[in-house]
Every structure is written in structure tokens, then in C-alpha cells.
Amino acid sequence: MKVYVSGIGLISAIGRTIDENLISLREKKTGITKIEILKTIHSDKNVAGEIKLTNEELSKDLNTPEVNSYPRTTLLAIHAAKEAYKNAGLENDSNFRTGVIIGTTVGGMDRSEIYYKNPKENSDFIRTHHCGFITEKVAEYLNAFDMISTISTACSSGLNSMLLGARLIKNNMLDRVVVGGTDSLSRFTLNGFKTLMILDPEICAPFDKNRKGLNLGEGAGFLIIESERSLEKRGKDPICELSGYGNANDAFHQTASTEDGTGPYLSMEKALKVANLKPEDIDYINVHGTGTNNNDITEGIALKRLFKNNVPLFSSTKSFTGHTLGASGGIEAVFSVLSIKHDLIFPNINFSEPIEELGLIPVTEVLEGKGIRNVMTNSFGFGGNDSTLIFSKI
Amino acid sequence: MAIYINASQAISPQLTFQQDKFLDEVKEYSTLMISVQPDFKDFFNIMELRRMSRIMKINNTTALESLKEAGIDNPGAINTGTGNGCIEDTEKFLNKMLDTNEGFLNPTTFIQSTHNTLGAQIALNKKCHNYNITYVQKTLSFEWALLDSIMLINEGEADNILVGGIDEITKENYELKKNLNLWKKEPFSNLELLNSTTNGTIPGEGAAFFVISSEKSENCYAKIEFLNFKHRINGFDDLSSFFNANLQANNLTIADIDLVLYGINGDVTEDKVYYELKDSVFKDVAGGYFKHLSGEFDTSSAFALWLASNILKNNQVPEIVKIDKKEVQPDRILIYNQDNNKNHSIIVLSKC
């Protein structure tokens, strides 16, 4: 059984809609700027892929109850899921089972860190702290309750939500699934990554020899995935197929990946197998490419292990959006779908020199008309949780 | 495809971990129900233990002992469910960050604060490169981990899967949740849950892990007949239909169920639905409960599965589990849990 993508929705530092994101990507315009919305003492020394909208503004726009009663992750998720739902032209139909599956790492932390020491001021924050709250609220907003699930596998959370959604359709448990990732900036994660000393104080340079680390980002990326039966019933043409998915664990270290790229290699290999494709069938890879020393070298090694001397055209879009953690898989899956839809490859901005040991050079200019058929996207996380998806042209 | 539970281990507020007797002695609590901890030095060296928070100790111990019990070294997948994840490490990092106004912080608690540390640490310990997911859908977290595992077996992706539900409670988290009126206002004995006349429950915690397989081993505890859950159900009639439809879809009737384990937690409002079911749909079926043993927490259904699988394996329903005094030696048990009239879940298992 095949699983199709019928809608996309997106909010990131480079745009509040699919169209805005596409314009920024084409114009090579980064969203990584000084931190302004998040209240942190580190704002003058760090840049991030921050969405310049306050929670109040997001909430007002979505008409969600009580200003500031939802965590930022929830607001971003509703924003992107709403766009995806509309983009798919989906309407509630009791003849079809609709589910919502979301990946996140931050959950309600942005509110928790404000009220934690003053619970009397807003004791309600603890109710919205758990990650599952986001999914409950998105389901409520879309009135889609047949199955709801939340996944937290660090930075691969978003892709794993899509992998699960695809399997639920194949197992005939759902007909349509709203799948995606969401995460917001928070002081908790900013300070956490700071202690790990892997933050680049300037715009990151994925796959560059002189890369200095990652920039954090925020956003949400959603897909509507659907069964053939559901699409036929409503006479809707899908955008592309979600053809492959793979999940593996690096089992090496809580925060670093193996030198030989075992986890990334296995997740890509599994995804190819599910899609029934050969390495040479992949036309473009939206790599994880965080810009950290460790990620880029091990991902590069895994690419060379799998694709040998024919590594496909690839790029990291993290120097546009920052590393949006659990949302990154969601956002980059949307970019991958856009790549197929518009036959477009996005540039890896801020790259100048290849990593010597790899000699791999990412795409640095916008490429069009390459005849893209299959696009792969990777997300690797803390705990060695690695995932890969493949999207295919119909 | 039939799914078998070939290993079942739990660390809980009761004496459940590697005991000779099956809930022979019951521990009484009046507020927090904290898990009874084994001597972790029997399982890990001091250096390893130093890095582990309480949840990691109970998580790793139950998980690894489950694999040992099943004789499986490299499971085809590791699926974990947790409502709140690693609260202690999250609190430590958050407190330090707030107290020092984002000053110099130690990365260890941050690294270990992510929910997937639970599944990841097991994979790391066993060098297991296979499928690995952590589910965080509040009181459906364990159900999702279990459903995913069953799907993987049915898809032919894996033969033996390690699946568990894990949550911890801390004093600080308990205090914060007090403001939401989740707990009993006064100290209340866990052994009096059935006699409760007030709102609020007693919080608990624990880890329960299982090895589920497509083939039954000599050590088999039980067969999982089905699992289903729903986030929202509108009213009692829909709930009864949910039960009937699920039983029917699995070629079962109410008469086939010998024992129902209800998620009664002592909150009179929340418990109403359990008593209503017990007096109507399941009026002729023996009833039992489990949250007086585990306390209320997001993955308490994992504890219930440990309890049910042990009842079937030991051919014995401990007196402390029974609601009524009906004599029963069940061949088939239904576990029903819900959370404030949301997240309704049914697990049915039978003797293997």
C-alpha cells in the first residue's frame, strides 16, 4: 500500500507560510538573526532562527483561547498544521479516520521556565508542560481525534511522527494523518546547548571545513499524508509519495555519533529498502547538517559508505532556519516535498571549503529543472536516534 | 498474529521486582508512592550509577533484566513510553539555570533530560542499532509503545521487542501539581482507595518492561489478544459501544472475560465511570484494581500489564487486587484505564 502527501504547512524563521519560505530559499535569505523575542541574558552573544512573532501575536492570529495560555510549541504547531490542512483541501468526513501525530522535544518548557519559580502567578503552566498537550490542542483545533500521538526522540522527533503516520495508514488504522514536528526556542535549550559548547555565535556553516557549531531555531513543519482510498474518494491529486522511512539507533554515545556513521547509515539504508529504491535513484538529499564538528563528519562518512563515490546532490538548510530540534524533521520534510513539487534544489548557504576528510561539496546555488524524482531527508538526535524519509515523484 | 509476553519485570512502589512471592505483602503509603528500589549495585558499577538519575536506574534495571529473562540480547526494537520523562534531571537543570540567571551550568543533567534518554540508554547498553522510539502521549504513552511494537511484529520487522512504560515523581513536581488539585488534600492511605469520598488521587511511579514476541517461549506469561485506545469518547453509551465493538472485532463477548482490572484511583469524580461499567457492562465479571499498588501516573497501565501477566502466569489473583470477593482463576483479563474521561484504553490478554 502506498502513502501520499496531499498537503504541507510550515512556519520558520524564513517565513510564516509555505510561499514565504520558498521565496527566502530561492533568494538565499537566512532567518538567523539576533535573538529578540526570547528573553535571555545570552541574546547579545547569540544568533538563532527565531520567528519574530510573540506568543500573543501567534495566539491572536489563530484565535486560540486565552492569550498566552498555550506554550509556544503548541501555537507554532497549530499555525503550520492549519496551513497543511487547508493546503490539502481536507474537510472532516466521518467516513475517514483522521489522526494527529507530532514530534517535539521542548513541549511546554517555554512557559515552565517563566512560571516555575512563581507557580502562584500561573499554576496552570504545569498542565501544559507535557509534550502530549500540543497534540491534544492541534487535534482539538482541527477536530481530528481518531488517533493522537506524540513522539520525543530528540532531533529526529519530527521525522518519526511521519514514519509512524505512514505505518498507521499501511496498517489500515488511519486514512489521513496530520504529521509533523514543532519546537520553540527556550532558555532551557539555549543554555543546554551552550553548556555543550556547540553553538556557533555567527551564522552556521554546515559541511564547511571551518564550521563552528549550530544555531538553534524554532518552527513547525507539517504534512498531510493520506491513503489512496481517501484521495480517490475526494478526487484529490497528491503532491508526491512518502515512499520510504528508516529508523535506527547509533548506540554509541548520548550526544555524539560513531566515527563510522553506523546509525545514519542504517537509517538511510532502511529507508531505501522500504522505498524499494537503489542508492543511485536518490536525486537530492536534504541532510541533517547541523554545522557541528561531529554531526557533519559522521553524516558525511555515512553518505560515502552508502553512496560510495556517487553521493547525490545534497544541502543543509540549517543555515536558513537554524536547528529547530524536534521540528527540524518536519520542516525539512516540507522542504523535500517542495523540492519534488517545484523540481528545485535548495542551496547550502554559508559554505566555502569542503571538509578535508570527506571532500564533499554541497549544492550552494538554487538549482532548478534537474528532473528530481526521489528526495531523501535525514534527522539525527541525542541518544543516537536516527531517522530518514524518502519522498518520490508520482 | 498472536503476540506473546515472554518477559515481564516491574519496579514499583510495591515489592514487585524479582520477588519469590506475588504481592504477598503490601506497602502502605499516605502521600507519594515512590518505587521500592533494589540494590542497583547488583546490576551496575558505581561509576555507571553515579551518572544515573532515579528514573534511569529503574528504567535500565527493569529493561535489562527483562531482556535477560527472555534470553534476548539484541531485541528487534526498543519502544518506551513516558508521560513526563526524566523529571529529576529536567528540574535540576531548570533550577540551576533559573537560580544562577543562566549562569555556568553542567551539561550532564541537560543531556539526560530528554525523554528519549530512556530508550537510548538501553540501546547504548546493549549496542542495539535497531528501531527505537519514545512515546510521550500522557496516559497513552505506554499504549503507543505497545501498539507500535505489535505493528512491528505484524509487519515482520522484528521478532522480539523490548517495550516499557516508565515515569518518576519528584517532591517538586508533586508540589507543583498540587495547585491543579490532582492529589488528595490530606494524607490518604493507598489501601483505602475504594472507600474514598473525595476528589484527588495519590501519585505514584515505576517502570515496567516486557519482551513481546511472535513466538511463545517456555517462560511465556500471557498472550496479548488486542489493544485499543481512544483519546475522546462522548458519554457512557459510546464507551459501552467502544467495549462491545472491540470485543466483537476480536471474536469475543463479555462472557469471555474473567477479570477486569479497572484504573480506579480514588478520585470520586474520575472513578464514576469505572463503577458504572462494573455495574452494567461487566456486572457478571469479577473486578480488580491496581492503582492502590502503583499510585496514579501516566504509564500506570504498564504496571497493570505486569500485574495481569503475572496473574495469568501464577494462576492466582492476589487478594489485595480484588474489588469483590468473587473467587476467580482467570484465563482472560481485560485492563481498562482512562484519564479524566479522556485517553480510554483497553488491553486484553489471555493465558498462553
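At 1.5 Å a residue, the 15 residues of helix α12 (residues 328–342) of chain A should span 21 Å, the expected span being 1.5 Å times one less than the number of residues; the end C-alpha atoms are 21 Å apart, in agreement with this value. The model is predicted: local features need pLDDT of at least 70, side-chain atom pairs count only at pLDDT 80 or more, and totals for chains, interfaces and linings use all residues. Residues are numbered from 1 along each chain as its sequence is written, with chains lettered from A and ligands numbered from 1 in the order in which they are written. Helices are DSSP runs (H or I, at least four residues), as are strands (E, at least two), numbered from the N terminus.

Of the 15 residues of α12(A), 13 are buried (20 or more other C-beta atoms within 10 Å of the residue's own, C-beta atoms being placed from the backbone). Just after α12(A), A:D343 adopts a positive phi of about 50°.

The largest nonpolar core (buried Ala, Val, Leu, Ile, Met, Phe, Trp, Tyr and Cys residues joined through C-beta atoms within 7 Å) has 210 residues. Among those with the most contacts inside this core are A:V337 and B:L261. Helix α11 (residues 300–314) of chain B gives the most to this core, with nine residues. Beyond its neighbours within four places in sequence, A:V337 is in contact (C-beta atoms, placed from the backbone, within 7 Å) with residues including A:V5, A:L223 and A:F391. A second, separate core of six residues includes B:Y29 and B:W183.

Conventions
Buried ≥ 20, exposed ≤ 12 C-beta atoms within 10 Å, placed from the backbone. Contact = placed C-beta atoms within 7 Å.
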